[in-house]
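Let's take a walk through this protein, one packing site at a time. Keep the viewer open and follow along.

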Amino acid sequence: KMTQQMRDLQLAQARKPPGPSSPNAAKRLYRNLSGKFRVNYTSFDEGSLVGRGEKEKLRKSYLFQSNAALFEAVELQDLDRVQELLKHYSPEELDLNTPNSEGLLPLDIAIMTNNAPIARALLQAGAKESPHFVSLESRSLHLSTLVREAEQRVNELMAQVVNEAPNADCSEKEKQLKAWEWRFRLYKRMKAGFEHARVPDAPSSIHLSVASSSSLQVTFWEPLSVNSAIVTKYKVEWSCFPTFSPLLGEAVIDKLKDLHFTIQGLVSGTAYHVRVSAYNMKGWGAPQASTPPFAIPSNWREYDGRAPRRRGQAEALDHLLGRVKTVHQHCICHEPCKNQPQSRKHSVSKSLKHLFHPGSKFLKTLKRGLYLTAIFYKDDNILVTHEDQIPVVEIDDTYSCLLMQDFLWFTKVSCMWDEILWLRQCVTVSQSSCSCILQTRFKMLLAISQMQGLLGIQDLGQVFFEPIKDKQGNILIVTLKEVKTNQTFESVRWVPICKLQTSRKSVSSPEEPTALDMLLISVQDKLAYHQRSSHALSPGLYLGYLKLCSAVDQIRVLVPERLPNILCHVKIRSNPNISREEWEWLQKTASVEEPIPTEPEADTSQNPLFQELQVAIKELMTLVNIPLQEAKDFRLYSQEVLDFGDQVSFLLLLPPSDDVCTAPGQNNPYTPRSGFLTLPLQIFELGEER
């Protein structure tokens with residue numbers, strides 16, 4: 001018998017014995033797991049264990065009990081317990097796909113009792129069906145055998161209980177009888193569930209899109225019908241012919257966390273038809289063709305054969321910098337540093353170990369000038385000197401008016417923290433006869449070197465987008481860096497930010513705070529800006545809104561506070577690729593020079609990109625507080641798609657040409673709502689590169 005063969009196989013593989021066979025036993029076992037074993041293995045008193053071998057035995061014992069508890073929770077149809085076990089144990093620790101002594105897996109029990117919520121939870125965790133059920137007949141025979149053997153065992157125990165006099169053995173047999181009666185009912189319910197099941201309906205809403213010039217993406221949803229057994233896998237097929245004969249390829253998807261699949265290795269310019277079918281324990285259902293029925297792999301660059309804008313640029317810049325260094329390496333300015341290593345590779349712990357001794361040249365107060373401060377933070381703590389001060393060094397005590405061009409130059413230098421010594425030595429040659437601007441920039445390099453030397457750290461982080469200025473003539477340039485290591489540092493003070501703010505004794509009045517006081521008051525906002533500016537967008541195609549405003553010495557760009565390194569935007573779709581056909585449609589729309597339609601039109605109702613753009617434009621206009629009727633005069637930037645890597649791309653929405661950049665004194669009737677800020681254009685470009 002198949003059941004006996006499975007049991008022999010399980011015994012040969014030294015598999016574990018079956019878990020508790022009654023509801024009460026399962027509840028007791030789960031309570032034990034919930035109380036003692038739920039969190040992890042470190043909750044045990046490991047000090048009482050003699051050696052590693054005993055620890056491993058105890059660990060395996062707990063894992064075995066968690067596996068038995070999972071089977072019992074599935075059999076009892078207890079969704080909360082199943083989710084709790086899946087949360088606290090990995091699939092490997094639960095032996096999620098190892099059959100029990102009856103040849104069943106947890107997923108088998110869930111789908112044959114038609115418990116969809118538990119089956120979905122198991123599938124999300126990576127559960128699979130038993131590999132022993134190679135056909136419908138083998139599954140039916142196995143279930144019939146389980147039912148027959150359970151019924152036989154119930155009859156035997158019932159006869160023993162009736163014929164024997166009441167004693168301790170009889171009481172134990174009554175417990176066994178109840179447990180087997182419960183298991184008999186479970187197997188009958190599983191057998192009935194299998195017999196009444198039918199093959200699944202076709203998946204619903206199969207969407208086909210162009211992912212690149214050599215791939216297509218298929219996205220689909222579960223069948224709409226709920227009367228069939230739970231679907232446990234899907235099959236994607238593709239062909240160059242609508243009859244799907246011959247097939248070019250197929251893929252079975254059994255990881256159902258995300259119902260999508262990317263078909264790779266296709267030929268650009270060739271049409272491919274795609275269909276998807278669903279599978280349950282009764283077999284494969286009928287396939288369903290995608291919408292649209294076919295798609296052609298392509299990319300918008302194929303429209304005019306355009307190469308990527310940034311191809312080779314980073315390599316060219318590195319090569320150019322290398323040539324400049326080669327020219328300067330024999331310069332007299334480099335003679336003093338030939339015996340010095342080009343870079344001091346200190347570990348963070350070593351460099352910070354001897355920080356902030358009394359001889360350090362950090363400043364405690366400001367005296368009308370230009371200063372540099374470096375903020376290092378970890379969680380809610382900030383790094384301070386031995387005097388509980390944020391590290392500050394002087395740049396120039398005679399400089400009371402920071403020109404925007406000098407500040408923007410400093411931000412560019414922040415991309416080359418490791419090259420400060422080299423830059424400073426190059427400037428040294430001509431600084432004696434240079435202009436005031438070059439003198440100031442040389443002093444900036446000196447201050448950076450001083451800060452790096454005192455901290456023992458080369459990377460000072462990211463420059464905050466604007467300096468802090470007070471009425472006393474102090475200007476403070478701020479850099480920010482998050483320390484993510486969990487290592488404990490010696491001779492370093494990490495102070496909670498709130499404590500530093502409350503304990504600092506201000507020497508200024510509330511009406512005219514110094515730059516340092518202004519920094520402490522706003523430090524949380526600056527840290528939040530720094531963290532948000534490093535966030536990345538999820539993969540997809542976005543619609544961005546370009547809005548500039550000019551001042552005497554700079555141009556600023558409108559960005560959202562929640563993501564200041566990206567233009568104001570909304571997501572159009574998850575697929576970042578613009579196909580050649582879509583780009584052709586956009587070019588035709590731009591060539592007509594008509595306003596962007598915000599209402600559906602008959603001839604574009606079948607264009608998915610047009611419909612997606614309509615929704616995105618409405619959402620974007622609401623976001624930036626512009627009436628929808630004003631968007632009729634806006635334009636889509638049709639020169640290119642802005643690609644940020646392979647996973648994120650942008651289409652730009654532009655106001656009328658006269659309104660792209662607001663001039664000084666020009667009134668802007670549509671002011672964005674709260675949650676936006678304007679960054680200097682050069683700062684925005686640097687943040688975008690990061």
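Which residues does tyrosine 529 touch, not counting residues up to four places away in sequence? Leaving those neighbours aside, tyrosine 529 touches Gln462, Phe464, Phe465, Pro564, Leu679 and Ile683. Bear in mind that this is a predicted model. You'll find tyrosine 529 in helix α16, which covers residues 515-532. Is the residue buried or exposed? Buried counts as under 20% relative accessible area, and tyrosine 529 has 5% relative accessibility, so it counts as buried. Asparagine 565 is 36 residues from tyrosine 529 along the chain, yet 9.8 Å separates their C-alpha atoms.

Now zoom out for a moment. The protein has 690 residues, and 45% of them count as buried. Its secondary structure comes to 19 helices and 24 strands. If you take the contacts with a separation of 6 or more, 73% of them are between residues 24 or more positions apart.

Next, head towards the N terminus and look at a pair of helices there. Helix α4 (residues 79-88) packs with helix α7 (residues 116-124) at an angle of about 5 degrees, and their axes are 10 Å apart. Angles under 35 degrees count as roughly parallel, so α4 is roughly parallel to α7. On the α4 side you'll see Leu79, Val82 and Leu86, and they meet Pro117, Ile118, Ala121 and Leu122 of α7. Sort that contact by class and you get seven nonpolar residues, no polar ones and no charged ones.

For a contrast in chemistry, go to helix α12, residues 404-413, and helix α14, residues 436-455. These two pack at an angle of about 40 degrees, with their axes 11 Å apart, and are therefore oblique to each other. Their crossing is right-handed. From α12, the contact uses Gln405, Asp406, Trp409, Phe410 and Val413, while α14 brings Ile437, Thr440, Arg441, Met444, Leu445 and Ile448. Seven of these contact residues are nonpolar, two are polar and two are charged.

Stay with α12 a little longer. How many of its ten residues are buried? Seven of them are, so to speak of α12 as mostly covered is fair. The buried set is Met404, Asp406, Phe407, Leu408, Phe410, Thr411 and Val413. Among them, Asp406, Phe410 and Val413 also appear in the contact with α14.

The last stop is helix α18, residues 608-623. This helix has 16 residues and spans 23 Å from its first C-alpha to its last, close to the 22 Å expected at 1.5 Å a residue. Which residues of α18 are buried? They are Leu609, Phe610, Leu613, Gln614, Ala616, Ile617, Leu620 and Met621. What do they pack against? Their partners are the strands β16 (540-545), β19 (568-573), β20 (635-636) and β22 (648-654), plus the helix α17 (580-592).

That helix partner deserves its own look. The axes of α17 and α18 cross at roughly 60 degrees and come within 10 Å, and the two helices are therefore oblique to each other. Glu582, Trp585 and Leu586 of α17 make the contact with Leu609, Phe610 and Leu613 of α18. By class, the contact has five nonpolar residues, no polar residue and one charged residue.

Conventions: Residues are numbered from 1 along each chain as its sequence is written. This is a predicted model: local features need pLDDT of at least 70, side-chain atom pairs count only at pLDDT 80 or more; totals for chains, interfaces and linings use all residues. Side-chain values use heavy atoms; hydrogens and water are left out. Axes are lines fitted to C-alpha atoms, for helices over the stretch in contact, and angles run from 0 to 180 degrees between N-to-C directions. Helices (H or I, at least four residues) and strands (E, at least two) are DSSP runs, numbered from the N terminus. Angles under 35 degrees count as roughly parallel, over 145 as roughly antiparallel, 65 to 115 as roughly perpendicular and the rest as oblique. A crossing is left-handed if the near helix is turned anticlockwise from the far one by less than a right angle, and right-handed if clockwise. Contact means heavy atoms within 4.5 Å. Ala, Val, Leu, Ile, Met, Phe, Trp, Tyr, Cys and Pro count as nonpolar, Asp, Glu, Lys and Arg as charged, and the others, Gly among them, as polar. The expected span of a helix is 1.5 Å times one less than its number of residues. Buried means under 20% relative accessible area, exposed over 50%, partly exposed in between (1.4 Å probe, protein chains only).
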